[in-house]
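Dear colleague,

Please find the structure below, with my notes after it. Let me know if anything needs a second look.

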Amino acid sequence: MPTVQADRLTHIGAALLKAAGASDEEASAVAIGCVNANLAGHDSHGIIAIPTYIDRIKAGHIVPGAKWTIVRESPTTTVIDGHWGFGFHVNARAMALTIEKAKTSNVAACTVFRQSHVGRLAAYPMMAMREGMIGLATADSGRSPKHVAPFGGREARLGTNPISIACRRTSMRRFIWTWRHPRSPPERFSSLSRAASKFRPDGLSTAKDGKHTDPKAFRKGGALLPLGGTEGYKGSGLAAMVEVLCGLLTGLGFGVEPTGRHNDGCFMAVFNVAAFRPLKDFKKEVAEFARYLKATPPSEGSTGVFYPGEVEYIREQQRRVSGIDVEEATWDKLRALAGEYKLADKLELA
């Protein structure tokens, strides 16, 4: 398993995407987004996704250079059609516009549809966080195949449906919470050779007949249980509301159209903290709250308490120094693509 520095991995990803037809701006946005996910430890949304994105370009499911259209807007809201562009690029532009509206109107929101996979969802609320605001984002996969059963069910009817909220404390560290199902979609987590060993089989998956099963076995027609497993009524409720915000509110609808494209629908909102209380006071109190949480005595077997976003922050600092481990299967795919586009020597992947 090679260990690669973040800058080199970003360069490789961007070069391959440009060779596949992406513009410089699009390739940079996607490559940086993927590598940032690796740095934070979310490897299922990292460089492993680049070959899949290139496959989707070849199939016509992602359209490099696609238009970015505002379908409807008001001073505080925007509806955006991504025209099957790169989710990283489309969604970042949508969040940037929403932040600008919130600077004037204090609260702003947008919906985005017809875009490809948006990657690590936390990237977008963090854009608002850097502007001294609170950012919120939710996403679903449109009418793509689902993987999660609703509470009490045995058949997949919901996506893994993440929710992310971010704000800034007084230091440069962030206070960010991201909820998603404890597994990535099967097509990605099965590619991570060490993933299966991280999850216990009890109460997390069901087989086609509804019986609890091993995570690998559910691929034969079963489903993942919602967050909380056999007691996952709250996880199921959160996932269902994400479908409402990102599927119904965007107009993507619900259910599954297996022959269709992967189509991430997103709902994002920004809140200008200064409209509610002085920003300096808010950031100071967020920092105090984080320290209050960390002062909690650890439970048995725990190494200590981490506030939201701290684990990712620590991992990012470590990986920027030590590099990012890339599983052999993904490295082989990157090398094969470099050969296909005659970039192997230039990217030192021969």
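In helix α3 (residues 50-58), the buried residues are Ile50, Pro51, Tyr53, Ile54, Arg56 and Ile57; buried means under 20% relative accessible area, exposed over 50%, and partly exposed in between, with a 1.4 Å probe and protein chains only. Helices are DSSP runs of H or I with at least four residues, numbered from the N terminus. The buried residues of α3 pack against α1, α2 (24-39), α4 (87-105) and α10 (328-340), a contact being heavy atoms within 4.5 Å. Gly60, just after α3, has a positive phi of about 85 degrees.

This is a predicted model, in which local features need pLDDT of at least 70 and side-chain atom pairs pLDDT 80 or more, while totals for chains, interfaces and linings use all residues. Residues are numbered from 1 along each chain as its sequence is written, and side-chain values use heavy atoms, without hydrogens and water.

The largest nonpolar core (buried Ala, Val, Leu, Ile, Met, Phe, Trp, Tyr and Cys joined through side-chain atoms within 4.5 Å) has 56 residues, and Leu16 and Ile50 have the most contacts inside it. Helix α1 (residues 6-19) gives the most to this core, seven residues. Leaving aside residues up to four places away in sequence, Leu16 touches Ile54, Leu334, Leu337, Ala338, Tyr341, Leu343 and Leu347.

The whole structure has zero disulfides, that is, pairs of cysteine sulfur atoms within 2.5 Å. The sulfur of Cys110 lies 8.1 Å from the closest cysteine sulfur, that of Cys266, too far for a bond. Cys110 is buried at 2% relative accessible area, and Cys34 is buried at 0%.

Regards

Definitions and conventions
Helix = DSSP H or I, 4+ residues; strand = E, 2+ residues; numbered from the N terminus.
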